[in-house]
There are 2 protein chains.
Amino acid sequence: MDIEGLITPALILDRRRLLSNAALMRDRAGRLGVTLRPHMKTAKSPEIGRIALGCDVGDADGTGPVTVSTLREADYFRGHGFNDILYAVAIAPGKLDQAAGMMSWGLDLKIVTDTVQGARAIAAHGSPFQVLIEIDCGDHRGGVADGDAALLEIAAAVEDGGKAKICGVMTHAGQSYDCRTPESMAEVAEIERRAAVDAADRLREAGFSCSIVSVGSTPTATFARDLSGVTEIRPGVYMFSDLFQAAIGTSRIDDLAVSVLASVIGRREGDNMALIDAGGLALSKDRSGAVLDDDPGYGLVCDPLTCRPIGDLRISAVSQEHGRVTSPSGTPLTLEIGSKVRILPNHACMTSAAYEAYHVVDGGDEIIARWRRCNGW
Amino acid sequence: MDIEGLITPALILDRRRLLSNAALMRDRAGRLGVTLRPHMKTAKSPEIGRIALGCDVGDADGTGPVTVSTLREADYFRGHGFNDILYAVAIAPGKLDQAAGMMSWGLDLKIVTDTVQGARAIAAHGSPFQVLIEIDCGDHRGGVADGDAALLEIAAAVEDGGKAKICGVMTHAGQSYDCRTPESMAEVAEIERRAAVDAADRLREAGFSCSIVSVGSTPTATFARDLSGVTEIRPGVYMFSDLFQAAIGTSRIDDLAVSVLASVIGRREGDNMALIDAGGLALSKDRSGAVLDDDPGYGLVCDPLTCRPIGDLRISAVSQEHGRVTSPSGTPLTLEIGSKVRILPNHACMTSAAYEAYHVVDGGDEIIARWRRCNGW
């Protein structure tokens, strides 16, 4: 079967680009002397997790380490043979039963907290949780701030019941997404490193074990110069990359591994506009590209076979099942009704989430595999 | 089971509000003398389709008419006993096999086109398709423009092979979403009506059958004063409504029937900020509320039991699995770690699409049913 036979919209994954992106990040981790614990929040696929780890897709040895964004992902990856999983969102007390349940199946699960109240709930559960404390390195989303006395209170509260143990710290420099140069991303990577290492030092000085010092975002993992004291990085979107990542310089347009296959369903010659059957649900309403110099709208329109942009065609507007193709420069649209295009997305994590599975190609148009995703909660 | 036992984030549907919204729209259709062909693109649930039609949820007689936005929805509703279905997006030629396949099971399926090229593909397929021509009434998305000679060319091309037949016209006044007053929505409703009726008249004068004259959006269906010549309306989001619809006046905040249940997972006292476990995936990145006078961010934060807004708390930022709760007026946040909130969404169609199912309540906190959705393509 080839792309032409797919029902549109459909999510296409180019394995060649994925393999190349995955190898590059493994090389970086190797050079920096840290473990790569890839974040599966973007791909949500065990096959892709194995590729990220450098194993064969069907290799049962590809068991981690990985990072997940939901407990459903943790359970799905566990069911596919992964055994070393970090759930990298501060856990809601209502989810501790689920987490303990997975551990009872033998899963080496690590959980995260960043409040004394959360730590007390973890301790009170009475299960042997392995806990990382989240550190705020400047993103000001979650995490304990630099120097905050809460760090040691949280650690003490976690270990208060004698069952749960502190095993490390983790931080995420979300502010790296505001950077536009390799230099500024390298600077944020150093801030991220220092915040994690300082917190780990404080914990160790107070007598807590802290074997994991975990950092990471795709921009900081890509441009970090030195990760002394860090044990692992957790980038995720680098596997696919997207228009936002390409624009800020962590990849090139030709590296983008996921795209949405769509059919042309309308033409409006006078307005030099075409309609495709991929709209807000198929592309997501993510507009992260709006802050870029050349706003790609809801995605760039590409050749269905090569997945290279066609002139400056882009999706300038969406409704639920319609996408509007226009050309800012006025390039005449020659898309025929029924012809296919591929759309490169602003944000691979959000766009991929609309699909149950990837249709995998290897640079060409033949579908070589179908890999399921684990969506929802 | 009650709400407290759900894994968050979860989609909650208040049946009481749904029943009331559904009854109001049936009353309007009755007063206007038109058939209600509810658009299932928002709810994507046969149970909710039956409620929209005024039947019991388990009633096998609730077989239509309904409107769908994807062929997968058509097939799902067919599998649940619905028999009169309009697929209201111009069909891609590559989907004609699917459509013909459903008809071979006895489904009374209507399809749509708005180009001569599309019409030729339909005729060439050789199946007895029933075809509506889409008319542009001012939204300038799809549709044949007022007075365009293409209308009759398309009709002739559809019937050229002797199998497919024209059965009507349909239009959608998407520009009604730009209105802010009942008067302006009533005016757009009249423009929508006239465009559809005029096109139907032209087709009939040229000898084509045109038994269906279909219009509709929630704003125009709500405020239309007269629908002479129209046979059916296709509103959809009215069943749930959302913050955008409430702000433009088609419903009130207390009518909103879907919300996202979330858990508080973080606190930042100094910034008067809390974090919940519902982010961009759970709430969608839809920012349709940004054009309103009081921008709700990514949603309003409500009491978990009553689903009434808590002060002016809202979701001011999201990342994939985090939502940031803030108060523009500085209302002190007293949300405890682990406590639940419900979030009213900007756009019910987009937010609901992230979930496999609705957890149904009846005004209170007891879960009385779980209704599946048909997502994807």
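# A tour of the two-chain model

Start at the contact between the chains: 54 residues from chain A and 55 residues from chain B take part. Keep in mind that this is a predicted model.

**Stop 1: the interface**

Show both chains as surfaces. Together, chain A and chain B bury about 4,600 Å². Of that area, 56% is on carbon and sulfur atoms. Now select A:R141, A:Q320 and A:W377. These three supply 18% of the area that chain A buries against chain B, more than any other three residues.

Next, look for the charged and polar pairs. How many salt bridges cross the interface of chain A and chain B? There are eight. Polar contacts also cross it, in 26 residue pairs.

Which elements of chain A give two or more residues to the side that touches chain B? Colour these: β4 (84-90), α5 (116-125), β10 (258-268), β11 (273-276), α10 (280-283) and α11 (348-352) of chain A. The largest share, four residues, comes from β10(A). Then colour that side of chain A by class. You will find 19 nonpolar, 18 polar and 17 charged residues.

**Stop 2: the axis**

Superpose the chains. A turn of 180 degrees, with a shift of 0.0 Å along the axis, lays chain A on chain B with an RMSD of 0.0 Å. The two copies are therefore related as by a two-fold rotation axis. The same surface serves both copies: 100% of the contact residues of chain A recur in chain B.

Which residue of chain A comes closest to the rotation axis? Select A:K285; its C-alpha is at 2.6 Å. Then select B:K285 and A:D286. Their side chains meet in a salt bridge, 2.6 Å from N to O.

**Stop 3: salt bridges**

Now take in all chains. The count of salt bridges comes to 46.

Begin with A:D14 and A:R17. Their side chains form a salt bridge at 3.8 Å, N to O. Buried or exposed? A:D14 counts as buried, at 6% relative accessibility. A:R17 is buried too, at 11%.

Move to A:D271 and A:R268. Here the closest N and O atoms of the salt bridge are 3.8 Å apart. A:D271 is partly exposed, with a relative accessible area of 48%. Its partner A:R268 is buried, at 14%.

Switch to chain B and select B:D75 and B:R78. Both lie in helix α3 (residues 71-79) of chain B. They are three residues apart, about one turn of the helix. Their salt bridge has its closest N and O atoms 3.0 Å apart. B:D75 is partly exposed, with a relative accessible area of 33%. B:R78 counts as partly exposed as well, at 24%.

Back in chain A, select A:R37, A:D84, A:D108, A:K110 and A:E232 together. Salt bridges link these residues in a network.

**Stop 4: backbone details**

Most residues other than glycine have a negative phi, and most peptide bonds are trans. The next picks depart from that.

Select A:T8 and A:P9. A cis peptide bond joins them, with omega about -5 degrees. A:P9 sits in the segment before β1 (10-14) of chain A. Now select B:T8 and B:P9. A cis peptide bond joins these two as well, again with omega about -5 degrees. B:P9 is in the segment before β1 (10-14) of chain B.

Go on to A:S241. This residue is not a glycine, yet its phi is positive, about 55 degrees. Find it in the loop between β9 (232-233) and α9 (243-248) of chain A. A:S241 is buried, at 3% relative accessibility.

Then pick B:H140, another non-glycine with a positive phi, about 60 degrees. It is in the loop between β6 (130-135) and α6 (150-159) of chain B. B:H140 counts as partly exposed, at 42% relative accessibility.

**Stop 5: an arginine in chain B**

End at B:R28, in helix α1 (residues 15-32) of chain B. B:R28 is buried, with a relative accessible area of 13%. Which residues does it contact, leaving aside neighbours within four places in sequence? Select B:A221 and B:T222. Finally, draw a distance from B:R28 to B:M102. They are 74 residues apart in sequence and 32 Å apart in space, C-alpha to C-alpha.

Notes:
Residues are numbered from 1 along each chain as its sequence is written. Chains are lettered from A and ligands numbered from 1 in the order in which they are written. This is a predicted model: local features need pLDDT of at least 70, side-chain atom pairs count only at pLDDT 80 or more; totals for chains, interfaces and linings use all residues. Side-chain values use heavy atoms; hydrogens and water are left out. Buried means under 20% relative accessible area, exposed over 50%, partly exposed in between (1.4 Å probe, protein chains only). Copies are superposed by least squares on the C-alpha atoms of residues with pLDDT of at least 70 in both. Contact means heavy atoms within 4.5 Å. Buried area is the accessible area (1.4 Å probe) that two parts lose on being put together, summed over both. A salt bridge is a side-chain nitrogen of Lys or Arg within 4 Å of a carboxyl oxygen of Asp or Glu. A polar contact is a pair of N or O atoms within 3.5 Å; within protein, one must be able to donate a hydrogen and the other to accept it, and residues adjacent in sequence count only if both atoms are side-chain atoms. Ala, Val, Leu, Ile, Met, Phe, Trp, Tyr, Cys and Pro count as nonpolar, Asp, Glu, Lys and Arg as charged, and the others, Gly among them, as polar.
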